[in-house]
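User: I am new to this structure and would like a close look at one part of it. Please take me through its pockets and what sits around them.

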Amino acid sequence: MKISTIDTRHGTDNQYSFSHGNCLPYTGVPFGMNFFAPQTTNQKGSWWFHPNDHTFQGFRITHQPSPWMGDFSHLVLLPISGELSENTLFHAQSSYRPEESTFNPACLEITSCRYQIKSQLIPSMYGGLLSLSGIQENGGLALSLPGRYELKQLNKKTILGQIINFSGCEDENFTFHFALYAEEGFSAIEGDDSGEDGFVILRLGDSSDLEIRLGTSFISEEQAQLSLTRELSLSKSDYLNNAQSAWEEYLNKIEITHHDKQQVSTFYHCLYRTFLFPQTFYEWSEDNQPIHYDTFNKVVREGVFYTNNGFWDTFRTVYPLYSLIAADKYGEMLEGFLNSYKETGFLPKWLSPDERGMMPGTLIDAVIADAAVKEIRPDLMPEFLEAMKKAATDQSDHANYGRRGTYDYLKYGYVPSTYHESVNHTLDYCYSDFCIYQVGSVLNDNDVSEYKDHAKNYVHIFDKETGFMRAKDAEGNFREEFNSHRWGTDYAEGSAWQSSYAVYHDFAGLIDAHGGKDKYEKKLIELCNQKPLYHTGGYGFEIHEMSEMAAIEFGQVALSNQPSFHFPYLFNYLGKPEMAQPMIKQLMTQCFDDTPQGFPGDEDNGSMSGWFIFSSLGFYPVTAGSGEYVIGIPLFDKAALHLSNGETLTITSSPNHVQQQFVHEVKRNDNTYTSLFFAHEELIQGGTINYQLGIVPNPRKYTEEELPFSLK
């Protein structure tokens, strides 16, 4: 797979009120410490790029995982020529032609219409190279520096800078350091060399063509210089080859063969997205040891660290994907997350750069449990189990950390309605308790049996009359005036329809709670075959997730948001996969493409891309922590997965045209396969999976052993 075929504008056509991904056109290396993107406006907050804009304000150094989280440690670099009427970003910006520009993960290339400067930006892990050609008289590099900043000229060739800006951080002085190096030298600094919200021009030499090298650090200016110095011997082609090779190493882990080239392109654009986050937040000391800045305690520590990840989103697809094709990187990330626990006392929930406390639950527990049952980093699991137990029993005084309503959950078996989004908190805690039980079982810990019991607590908030999970007060009374389409208050980014099926670990138990398979099947049919209705409810206005659900005609299957990702696969637990297969295929082909409108909602750190990747391969990890993948229907004629252990898993499907909406038969290594799931230990052995597809369903009876995982 050639990285040159990826256009980073995929999923970038967004605004505050409607999302086609809420992605940004990131150029960088996989899991890079910094990303780079053109800034087209500074008037729309976190939505500072739009693919239809023709304004170029410069190359933004960015660490923004989502517009809803905001950016940190960001600044803008704009090549200019000549004098400005006023030294401001507005008076310096230029138009550009998006259709003539290169938006690629390994290289950004833009020609400014105003200055006629051709700029190429090539990233590295801790810096990059800005190559400029066509500079006219009195060339310069304008720096837009929001927040507090300082600049100083170390020598003729080197400028050092630091900037402080962030949406949230434990350290009010959290600083980003950078070093700029030009062989031709910097002739002058125009503007204040320190202050707040600055605009400074670094004047360049007389050459019309030159290169500016960048080194960065979250630790110190010396560390930024070290990152810069380590790359001074690299040529422009070295930078480009290194970035391209890093991307192709990951993208080549899955090889797709298919008759529809656009669908192949969509797949690889999604695969690119899954290797952006979490971002590297550790650096290499002078003696080549990993070090990172601990923002909680405001000290530099040894060890690795990763940031910019919301586990509420990514546990569902991203880490299960890594478990198959990037297990070593997964293991290193776990080490970083454990370092976060050691430094703060609680496992992270939403890091950016440190704990932001967003979304219900502590769903990193699922990331840990999935690794545990798949034998990824078993050396870390005893400490992780201790950390998971702490979150389940000890409530932090700081709302950002750990579970909310912990003691009430332990007292009542559910989180009372006095807590915001109490239903989702309850369900997520049940799932986390299951995850604790799974990790403890792997470690032969006899003290985890109670967590298996707690994993069934969802029954306390299930209302048999309505068939929904509902909020209860401390006296055990359901909230009155129930409306199944009302969003918010008791539910996170959804209504009772989106929130009542988050029992990932025990769908057999949920089926029993409904009164059996027939009643549960009717409920799922009602879920799918109704209008995408919603009531603004606790939000009081229409949030973008409501708009996005309404934009696609899939009933209450709001694939625009993570809580609905597993909905199509719920029919497998009834032994009726044929009821889901056409829906899965339609969701893949109608809701995803390789354009700036490429997603049905927020992509969220690779999670939605991961849904497409797994679904297109023909299986999906409904229950992270179970070691299973529920079978769906593949999209591609052939896929070869080069697994982390060196084996290759080859998946084929035929005949494979738009009219083949059903799986007629599955064969594993040429033998008929009857279960409705694959086990991880089976897939990593490699071999073949063949799907024979058909135009009509081929239903049959399934034994309990052939159904996907549920807690026994």
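How many nonpolar, polar and charged residues does the lining of the largest pocket have, by class?

Analyst: A word on the source before the count. This is a predicted model. The lining of the largest pocket has 13 nonpolar, seven polar and nine charged residues.

Now the pocket itself. The largest pocket holds about 610 Å³ of space. It is lined by 29 residues. Closest to the centre of the largest pocket are W68, M358, M359, E493 and E545. By class, W68, M358 and M359 count as nonpolar, while E493 and E545 count as charged. Two helices each supply at least two residues of this lining: α5, residues 311–314, and α16, residues 544–551. E545 falls within the residue range of α16.

Next comes the second largest pocket. Its volume is about 370 Å³. Its lining is made of 21 residues, and P30, A246, E249, Y250 and K329 lie nearest the centre. Helices α3, residues 236–251, and α7 each give two or more residues to that lining. The most comes from α3, with six residues. By class, the lining of the second largest pocket divides into 13 nonpolar, three polar and five charged residues.

Helix α7 leads on to a helix pair. It spans residues 327–344, and α6 spans residues 318–325. The axes of the two helices come within 6 Å and cross at roughly 130°. An angle between 115 and 145 degrees counts as oblique, so α6 is oblique to α7. On the α6 side, the contact is made by Y319, Y322, S323 and I325. On the α7 side, A327, Y330, M333 and F337 take part. By class, this contact has seven nonpolar residues, one polar residue and no charged residues. The polar one is S323.

One more site is worth a look, in another helix. L89 lies in α1, residues 89–92. L89 has a relative accessible area of 7%. The cut-off for buried is under 20%, so L89 is buried. Leaving aside neighbours within four places in sequence, L89 is in contact with Q39, N42, Q57, S144 and F199. L145 is 56 residues away from L89 along the chain, and the C-alpha atoms of L89 and L145 are separated by 9.9 Å.

Methods:
Residues numbered from 1 in each chain as written. Predicted model: local features only at pLDDT ≥ 70, side-chain atom pairs only at ≥ 80, totals over all residues. Heavy atoms only, no water. Axes fitted to C-alpha atoms, helices over the stretch in contact; angles between N-to-C directions. Helix = DSSP H or I, 4+ residues; strand = E, 2+ residues; numbered from the N terminus. Parallel < 35°, antiparallel > 145°, perpendicular 65-115°, else oblique. Contact = heavy atoms within 4.5 Å. 1 Å grid on protein atoms, 1.4 Å probe; cavity = no way out; pocket = protein on both sides within 12 Å on 5 of 7 lines; lining within 4 Å. Points joined across faces, edges and corners; volume = space filled by probe spheres on them. Buried < 20%, exposed > 50% of the residue type's maximum accessible area, 1.4 Å probe, protein only.
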